[in-house]
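Hi,

Here is the structure I promised to pass on. Have a look at it first, and then read on for what turned up.

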Amino acid sequence: MAAQDQKLRTLYIMNILMERTDEEHILNAADIMQILKSEYDIESDRKTIYGAVDTLKLYGLDIIQVKGKASGYYIGSRSFELPELKLLVDSVQSSKFITSKKSAELIKKLEKLTSKYEAEQLQRQVFIYNRIKTDNETIYYNVDMIHDAIYRNRQITFQYAEWNAKKELSLKHGGALYQVSPWALSWDDENYYLIAYDEKADMIKHYRVDKIRHLTLIDQERIGKEHFNSFDLAVFAKKTFGMYGGKDERVMLLCHNSLAGVVIDRFGQNVWMFPYDKEHFKASVDVTVSRQFFGWLTGIGEKMQIMEPESVKEEYLAYLRNVLKEYD
């Protein structure tokens with residue numbers, strides 16, 4: 001046997017165990033010897049297999065030895081257990097911003113983290129779902145570049161696009177260049193959003209990553225840190241509907257008791273709720289007042305009403321009148 005083959009044998013044995021064994025699939029020394037010969041053209045004997053297994057155990061590989069009639073070895077614990085990998089696969093597959101091609105590539109890599117038998121279960125999951133996926137591969141790299149800008153403490157420039165009636169993405173403001181300081185990425189309603197400070201407007205803004213074009217890191221340090229010292233992304237997401245901007249208001253809602261779960265799901269368990277009468281409770285919530293907030297409220301229907309402030313109530317009534325006017 002060549003000296004190089006002797007050095008590689010232990011690594012090949014590790015690959016064999018990682019790829020072909022689990023609690024339901026066990027390989028004994030003879031099985032491993034046969035695979036080494038047929039696939040790697042490496043001769044071995046039982047003694048060398050036992051020695052390699054001991055070395056891999058010392059290395060930290062969780063190799064379980066089964067004794068008895070069906071004796072052999074299999075990999076016990078791994079970096080990721082099968083239920084964890086299923087969650088990751090489902091997340092990749094259901095993420096709208098990841099293209100079908102990139103999803104398939106990522107899932108194939110995840111399959112390498114378990115045995116080929118358990119990987120079949122991951123592959124079966126892929127075909128269960130039929131969700132709309134983007135065709136824009138640049139989103140994947142935009143997210144990575146934004147993370148890099150945050151890590152390097154650099155500002156970014158980009159062009160921003162919007163959909164038109166021809167189902168085309170056209171650049172906003174004639175292709176004007178946006179320059180902002182990126183501070184966070186947020187996931188909301190199956191879309192990635194960049195949370196950034198806009199120096200010209202002196203405010204925090206958010207942008208859909210799939211609409212960002214020609215993203216570039218520039219050699220200017222980020223600014224606006226003082227705006228993010230007390231910034232809570234979770235609170236920001238709770239009060240912002242569909243990540244659309246608007247003025248922030250504390251709104252008192254009158255809700256039917258059956259809507260307790262709806263309010264808690266939307267605003268979190270720390271939301272202020274107080275009994276109003278036998279069938280209703282009041283909820284004090286911080287929201288970004290926008291058409292999207294009004295749309296959410298309208299979707300719930302007559303069981304939820306704005307009590308105060310009066311200005312938001314009037315704005316909502318105007319919104320409803322404008323909608324009804326279109327149907328007259």
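A quick definition before anything else: a contact here means heavy atoms within 4.5 Å. With that in hand, residues 24 or more positions apart account for 63% of the protein's contacts with a separation of 6 or more. Keep in mind that this is a predicted model.

Some overall numbers to get you oriented. The protein has 328 residues, and 38% of them count as buried. There are 12 helices and 12 strands. The accessible surface is about 19900 Å², with 51% of that belonging to carbon and sulfur atoms.

The part I'd like to show you is a sheet and two helices that go with it. The sheet is open, has four strands in the order β10-β11-β9-β12, and its pairing is antiparallel. At the edges sit β10 and β12 (304-308), each pairing on one side only. On average, neighbouring strands of this sheet are turned by 35° against each other, direction ignored.

Strand β11 (residues 280-289) is a good place to start looking. Is it mostly covered or mostly open? Mostly covered: seven of its 10 residues are buried. On one side, β11 is joined to strand β9 (residues 247-256) by 10 bridges, the two running antiparallel. If you want pairs to click on, Asp248 stands opposite Thr288 in β11, and Arg250 is opposite Asp286 in β11. Strand β10 (residues 272-275) is joined to β11 by four bridges, again antiparallel. There, Met273 has Ala283 of β11 as its bridge partner. β10 and β11 also form a hairpin, with four residues between them.

Now for the helices. α11 packs on the sheet, where it touches β9, β11 and β12, and its direction makes about 130° with that of β12. α12 lies across β9, β11 and β12 too, running at about 140° to β12.

So how do the two helices meet? The axes of α11 (residues 291-300) and α12 (residues 310-325) come within 11 Å and cross at roughly 75°. Angles of 65 to 115 degrees count as roughly perpendicular, which makes α11 roughly perpendicular to α12. On the α11 side, the contact is made by Arg291, Phe294, Gly295, Leu297 and Thr298, while α12 brings Val312, Glu315, Tyr316, Tyr319 and Leu320. Sorted by class, that contact has six nonpolar, two polar and two charged residues.

Cheers

Methods:
Residues are numbered from 1 along each chain as its sequence is written. This is a predicted model: local features need pLDDT of at least 70, side-chain atom pairs count only at pLDDT 80 or more; totals for chains, interfaces and linings use all residues. Side-chain values use heavy atoms; hydrogens and water are left out. Axes are lines fitted to C-alpha atoms, for helices over the stretch in contact, and angles run from 0 to 180 degrees between N-to-C directions. Angles under 35 degrees count as roughly parallel, over 145 as roughly antiparallel, 65 to 115 as roughly perpendicular and the rest as oblique. Ala, Val, Leu, Ile, Met, Phe, Trp, Tyr, Cys and Pro count as nonpolar, Asp, Glu, Lys and Arg as charged, and the others, Gly among them, as polar. Buried means under 20% relative accessible area, exposed over 50%, partly exposed in between (1.4 Å probe, protein chains only). Accessible areas come from the Shrake-Rupley method with a 1.4 Å probe; for residues, only the protein chains shown count as cover. Two strands pair if DSSP finds at least two bridges between them.
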